[in-house]
Amino acid sequence: MKAAIVAIAPLVALTGLALLSPQWLVFMAMLALAKGVVVLGLLVLMRTGLVSFGQGLYFGIGAYAAALLSHHLHVADAAVMLLAGAAAAGLIAALLGLLLARYRDIFFAMLSLAFSMILYGVLVKSAALGSTDGFNLHARTFFGVALASGVERRVFLIAGAVCAVVVALLVHRLLGGHWGRLATGVRDNELRVAYLGASPYRVVYVNYLIAGAMAGLGGALAALAVGHVDPEMTYWTTSGEFVFIAILGGTQSILAPFVAASIFEALRTIASQYAPNVWQMSLGLAMLAIIMFLPAGLWTLAERRRRSV
Amino acid sequence: MSSILPIAFDGITYASWLFLISAGLTLIYGVMRILNVAHGSLYALGAYAACSLAGAWLGGGLPAAGSFAMLLLAALLVGSVAGPLIERGLLQWMYGKDEVVLVLITYALFLIMEDVIKLVWGVDSLLLPDPYALPGNFQLGGLTYPVYNVLLIALALATGLALAWALYRTRQGKLLLAVIHDRDMSMAMGINVSRVYLATFAVGATLAALGGAFTAPTIAVTPGIGVEVIVLAFAVVVIGGLGSLGGAALGALLVGLVRSATVRYWPEAELFSIYAVMAMVLIARPKGLFAAQEARKI
Amino acid sequence: MSAVLTAKGLQKSFGAVKAAVDINLTFDPGTVVSLIGANGAGKTTFLNMVTGYLRPDSGQILFGERDIVGLKPRQITKLGISRSFQIPQLFNSLSVRENLLVAESIAAMDDPQAAADETLTRFELAPYAAQKAGLLPEGIRKLLDVSMALSSRSKLLLLDEPTSGVSADEKFAIMDVVMGAARAAGVTVIFVEHDMDIVARFAGRVVAFYDGGIIADGSPDTVLRAENVRRYVIGEEIPHAAA
Ligand SMILES: Nc1ncnc2c1ncn2[C@@H]1O[C@H](COP(=O)(O)OP(=O)(O)OP(=O)(O)O)[C@@H](O)[C@H]1O
Ligand SMILES: [Mg+2]
């Protein structure tokens, strides 16, 4: 209940942002939101102790599913696209998860990377999907209501904010209860979990599925924000970005991914303007600093302040 | 039938290239338990250094054949300067951390090195065509192939044999195997593990740079060339079994042949095929072909 | 009464090491049996085979009437065999109470919170409830490990060295708590133990392992006095009878 009230504040803030701010800011906020959802999914997975270097796979599937609906099936409704993105990614995750849930540590990380690279390899070579250039999508209605051109993005941002808040609350509930403890149990000691009569495989599988569907939702959101999809969305550097944001935010709070994603997008926007050639370097240095000094991510800063008050 | 020879030759060429890069990656993992994402950047560094050195050599009007020596020199330079710099400056403070955290640390390093390369060499492509063209061409199965590819194969073979000899026939190599087998025991026996790590990383970096230096003449050297290489090398190493030199060789050969066959009959599926092989191997043998699949004692 | 557990002709080797050589054992319900034997005698291997962690090379393991060879630890736990470990297997980043909550929730208790609190009291763990399992002293870790095993409401409880790594004066206290809880739960207990005083005090029957085989089986009095047990298990110097 408390979490629900806390969640209303960012929702109101984002709605205000959507209505009042310039287009570029709306665009940036939407991308941050999209990535925040993906990273929150990654946190669900990380609760079991696994890090995926291949969430770009589901990010891309979500984005392409939405774009294909628009481009090839002439579905123009954004709500349908978002659902389709999450569903398509969830479906593939349900399949691949059967295999991946058997792996741990770097084998899991690398195998998930390999699967994302398979999709990348397919996408860059399929002329029908625009190869390396990708293709455009355009959503004209939202739940059947026609959108005047120019306001679409503002509506999508509000929709995205609602999606994100709902998903975040669900994750909060899930991880705060028995399932969250069980997942931590799997991370700490699978042997004990099995010897209590539960299946670590199943826990990993379900969390993998959730993470995949959330990445798909994020991908569809990003596709709506940009109005374009391309194979880069599935490339391993995109997946690396998600991991980076997760590390930046830490795993302490469901808000962390969104805060971290916003910081990330803001910095990227600034860097691409003023220092495109040292952007990656700054990311790398920041990442090293976080790993060494703030092992729980930026959230440790907030926690420290709270404790010292 | 007539296509078998070209497929095999292409496959082996590609495998040689893959092996040069993967050998260093698997060696570093085997000894240090670090899956080094920055390996791709060391490869790129080798390529850039080769362009600079061989470019200067040729630009100075010196005999063209000497440019091969420059390629080798570039690799050795990268290995003996950048390797120790990274190991002493960063990695030595990180030992003992979780393997996944170490992946993140080297990922950060990779990001940093990508930009360092841009700052030093700029963002425009560099070309170094001479060493590639110099040895000429030969005919095989009705197709024309550069002799340079044969040199590449020979280089990979020589490197592989030298590594195997160094590992299994020299005192230092046996120390290394001891460390791979049981780190705590070797420390207790007085092996200087810190020195072993430094040496291993330098050798691994040299191998990556060697791959880059000898690739430079065949491509346009641009920012980002290391990005694709690293995931390919991961695939090879994981197929063979992390930490296994023989595994890297077999993995490289497997990937090389599958890729060249795919390129021939179904070019769209090139990348797909490589990672599909990896996925299939891991399904059959979860830790790769040559890794021990052991159960924990409880 | 029919046996809880029956092992027939179990064999297991690791390369050249024979860890189980034709093990035949029957355990009656409600009994407390101790397995003794020197390091490497095959005691843990026996527990590992019974719980499905290792598959015997040959032989049968019957739980009640049912052959359980080939089942996974998770399935065997669900059937009603639980265990503790030589090295306690805990969730180190969770608190003691959360460890129990995970266990009780998996066991599908209607009210895991209440069940966890009850276990905390029974095992005298309440003072540690909020501490992280990773930071506990060894004796408390052992107790927590056993308490988690018991929370699956099993019929058969296997304890692998419940008192190892614990100071001599704590051993009896720990065993009193453990055995009290086991008795209250009405489970059959098989425990591996190196301390012969503990064995003599708590076991109703003793099985002695040597080199993967069984060299003695019977009441504590007879087994602990047997010459081969004193020589091979307890490690006493026994002068050979003059030829
Ligand atoms: N997974 C395994 N792989 C290889 N060898 C094993 C394995 N498990 C046990 N062994 C070997 O089998 C033999 C019996 O081991 P086991 O652990 O059953 O002994 P134990 O009686 O429990 O001894 P301890 O009192 O030291 O715990 C030993 O020689 C041991 O080294
Ligand atoms: Mg034992």
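How far does a polar side-chain atom of T44(C) lie from an oxygen atom of ligand 1? I looked this up first, keeping in mind that the model is predicted. The distance is 2.6 Å.

**Entry: ligand 1**

I checked where ligand 1 sits, and found it between chains B and C. I then listed its surroundings: 15 residues lie around ligand 1, and G40(C), K43(C), T44(C), T45(C) and Q86(C) come nearest. For side-chain contacts I also noted H194(C), with an N or O atom 2.9 Å from a ligand oxygen, and E161(C), where the corresponding distance is 3.4 Å. The protein covers 76% of the 630 Å² of accessible area that ligand 1 has on its own. Two elements of chain C, β2 (17–27) and α1, give two or more residues to the shell, and α1(C) has the largest share with 3 residues.

**Entry: magnesium ion**

Next I turned to ligand 2, the magnesium ion, and met T44(C) again: its OG1 and the OE1 of Q86(C) are the protein donors, 1.8 to 2.3 Å from the ion. T44(C) belongs to helix α1 (residues 43–50) and Q86(C) to the loop between β6 (81–83) and α3 (96–106), so this pair ties together parts of chain C that are 42 residues apart in sequence. I found T44(C) buried, at 14% relative accessible area, while Q86(C) is partly exposed at 29%.

**Entry: a patch on chain A**

Last, I looked at the surface of chain A. V6(A), L255(A), V259(A), I263(A), L267(A), I270(A) and Y274(A) form a nonpolar patch with about 640 Å² of accessible area together. Helix α11 (residues 256–274) gives the most to this patch, 5 residues. V259(A) is in that helix, and I noted V259(A) as partly exposed because its relative accessibility is 37%.

Definitions and conventions. Residues are numbered from 1 along each chain as its sequence is written. Chains are lettered from A and ligands numbered from 1 in the order in which they are written. This is a predicted model: local features need pLDDT of at least 70, side-chain atom pairs count only at pLDDT 80 or more; totals for chains, interfaces and linings use all residues. Side-chain values use heavy atoms; hydrogens and water are left out. Patches are made of residues with over 30% relative accessible area and no salt bridge: like charges are joined within 9 Å, nonpolar side chains (Val, Leu, Ile, Met, Phe, Trp, Tyr) within 5 Å. Accessible areas come from the Shrake-Rupley method with a 1.4 Å probe; for residues, only the protein chains shown count as cover. A salt bridge is a side-chain nitrogen of Lys or Arg within 4 Å of a carboxyl oxygen of Asp or Glu. Helices (H or I, at least four residues) and strands (E, at least two) are DSSP runs, numbered from the N terminus. Buried means under 20% relative accessible area, exposed over 50%, partly exposed in between (1.4 Å probe, protein chains only). Donors are N, O and S atoms within 2.8 Å of the metal (3.2 Å for Na, K and Ca); water is not among the atoms, so sites may look incomplete. A residue is near a molecule or strand if one of its heavy atoms lies within 4 Å of it. A polar contact is a pair of N or O atoms within 3.5 Å; within protein, one must be able to donate a hydrogen and the other to accept it, and residues adjacent in sequence count only if both atoms are side-chain atoms.
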